[in-house]
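Here are a few notes from my pass through this one. Have the viewer open while you read, and click along as the residues come up.

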Amino acid sequence: MIPGNSAPVIVLNTNTQTDDGKRAQLANIRASRAVADIIRTTLGPKSMLKMLLDPMGGIVMTNDGNAILREIDVKHPAAKSMIELSRTQDDEVGDGTTSVIILAGELMTVSEPFFTMKIHPIIIVSSYFKAMDHALKVAEKIAREISVENHEEIADVIHSCIGTKFSSRWGSLIVDLAVQAVKAVFINKNGKKEVDIKRYAKVEKIPGGNLEDSRVLNGVMFNKDVTHPKMRRFIQNPRIMLLDCPLEYKKAESMTNVEMTKEEDFAEILRQEEEEVCKLCQAIMKFNPDIVITEKGVSDIAQHFLLKQNISVIRRIRKTDNNRIARVSGATIVNRPEELQESDIGTKCKRFEIKLVGDEYYTFMEECEEPKACSILLRGGTKDVLNEIERNLQDAMSVARNIILDPKLVPGGGAVEMHVATELTKIANSIEGIEQWPFLAAATAFEVIPRTLAQNCGCNVIRIVTELRSKHAEESKDAPYWGIDGNEGKLADMRVIKIWEPLVVKKQTFKTAVESAAMLLRIDNVVSGISKKEKKQGPAGNIEDAEI
């Protein structure tokens, strides 16, 4: 109100809807809990699958947290923020997408009583960050290092990480594929490790055959055939040339008009075009390659010249595939044929073959010397099965990559979370003042992972969690390794049943969950430009019916 004037000053548009203070914070908590509840049942080896219909009418069946949340369309901004968490976790470490959402949702839920007690959000957030720092130290303390050369230890970790997935019924098949693929793309340059599975480990899914037929190629494959049926489809020890330019007459950049005054002029234009293409082909033929692969088009005249020299040509290949071929064959991708050198020719691939697989032709480049890229050939009964196996394989490769980059492991089965909760409870006694309450709440929030595991395997939750809590409260050196065996529904020593998780995944889970919960708790105002008539679509709506 302006002094001396009774009319209110309206700053916001009259259609704007706002939710502020406690109302907005409680709506955010409700939305976060709802997102966590969606995927709560997908944690652990006895987890349930979700069936999702995408907007195009396709069906997705999975228990991968990130894949489920990616398909869900939500309205509430806090729910959207939560869904973004699983994407961040997937991009960063490729595993723990379900855990991070459940933990973040629980951290939000346990903070609800503090708002009714009118404790300031900054005090809650400050306690959460203190709890996170202590949690990371506890995880570091109980971590153990393994040898990257020990195939069996790496396989055990991957097995425990994808044991909760659909592919676990095929035993060690996916584990072996993942380890082979990651070791193929691993590069160690002067102590700097690089494992780029996104660009250099390509999964090729071909419906049909048995899943047991799946394999990691000692080279690459791609869905292309030669441009002319008379070109060779099988070559031993080929000389490979990679181009990033069209083998056809270069068209003018702007519109060009050609005036012809006599009938010989048309023949002259065609002759000039042929000469231009002939020059390109001569620059290529000078190095006597067996295979020419280009990302652009190849004209009929160029095909004719190259076929006469018995050169196989593949055109319009993807840039990503071309980069992989360069890595496995030792060739260099060249932009202009005139600039070709002998060192640009790839000779590290020993076998080039084009095969008919299913309905389509695929080019295989195998038996490569030290390939730094690979293709993973997946076979399976249906597309749904193949898609789920691919998701599991990507998770397995991410776990293998994490171990190679940082070979430290922590016990799984909720052991780390319960140990963190126990240690934080002890530390909470030394904190004075009002901050002790949110700190204790954060400690109890970490127990949500073992509790959810117990719920999903159908055992007596209260008894199992209480037993686990008392195990971790013991001052013995074995205490941190006790967790829940998700298959049997009872307590077990994780060292005995070989359930391990990469430390880097755990640390990322704790950081992402706490930081996102802290960010959402600090929101005290939600402003929406949607008119009041469309209340249902408001960002927060009423707390009682906060939409997600």
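The points below go from overall layout to single residues.

1. First, a reminder that this is a predicted model. Everything here comes from computed coordinates of that prediction.

2. On layout, the domain assignment splits the protein chain into domain 1 (18-145 + 411-521) and domain 2 (219-251 + 269-370). Each of the two is listed as a pair of sequence segments. Measuring between their C-alpha centres, domain 1 and domain 2 sit 52 Å apart.

3. Helix H8 (residues 173-185) is a handy check on geometry. With 13 residues at 1.5 Å a residue, the span should be 18 Å, and the end C-alpha atoms are 19 Å apart, so the two agree. H8 is also mostly covered, with ten of its 13 residues buried. Those buried positions are Leu173, Ile174, Val175, Leu177, Ala178, Val179, Ala181, Val182, Ala184 and Val185.

4. Next, Ala373, which you'll find in the loop between strand E16 (360-368) and strand E17 (374-380). Is Ala373 buried or exposed? Its relative accessible area is 0%, so Ala373 is buried; the cut-off for that is under 20%. Beyond its neighbours within four places in sequence, Ala373 is in contact with Ala184, Val185, Tyr200, Gly219, Arg324, Arg327 and Val328. Ala184 and Val185 are among the buried residues of H8, which ties this point to the previous one. Ala373 also lies 8.5 Å from Ile197, C-alpha to C-alpha, although 176 residues separate them in sequence.

5. Leu306 belongs to helix H11 (residues 300-308). With a relative accessible area of 0%, Leu306 counts as buried. Which residues is Leu306 in contact with, leaving aside neighbours within four places in sequence? They are Leu247, Cys281, Ile284, Met285, Ile311 and Val313. As for Asp290, it is 16 residues from Leu306 in sequence and 9.7 Å away in space, C-alpha to C-alpha.

6. Last, have a look at the surface around Leu49, Met51, Leu53, Ile59 and Met61, which form a nonpolar patch with about 500 Å² of accessible area together. Strand E2 (50-53) and strand E3 (59-62) are the elements that give two or more residues to the patch. Leu53, a patch member, lies in strand E2. Why does Leu53 count as exposed? Its relative accessibility is 62%, and exposed means over 50%, so Leu53 qualifies.

Terms used: Residues are numbered from 1 along each chain as its sequence is written. This is a predicted model: local features need pLDDT of at least 70, side-chain atom pairs count only at pLDDT 80 or more; totals for chains, interfaces and linings use all residues. Side-chain values use heavy atoms; hydrogens and water are left out. Patches are made of residues with over 30% relative accessible area and no salt bridge: like charges are joined within 9 Å, nonpolar side chains (Val, Leu, Ile, Met, Phe, Trp, Tyr) within 5 Å. Accessible areas come from the Shrake-Rupley method with a 1.4 Å probe; for residues, only the protein chains shown count as cover. A salt bridge is a side-chain nitrogen of Lys or Arg within 4 Å of a carboxyl oxygen of Asp or Glu. Helices (H or I, at least four residues) and strands (E, at least two) are DSSP runs, numbered from the N terminus. Buried means under 20% relative accessible area, exposed over 50%, partly exposed in between (1.4 Å probe, protein chains only). The expected span of a helix is 1.5 Å times one less than its number of residues. Contact means heavy atoms within 4.5 Å. Domain bounds come from an automatic or database domain assignment.
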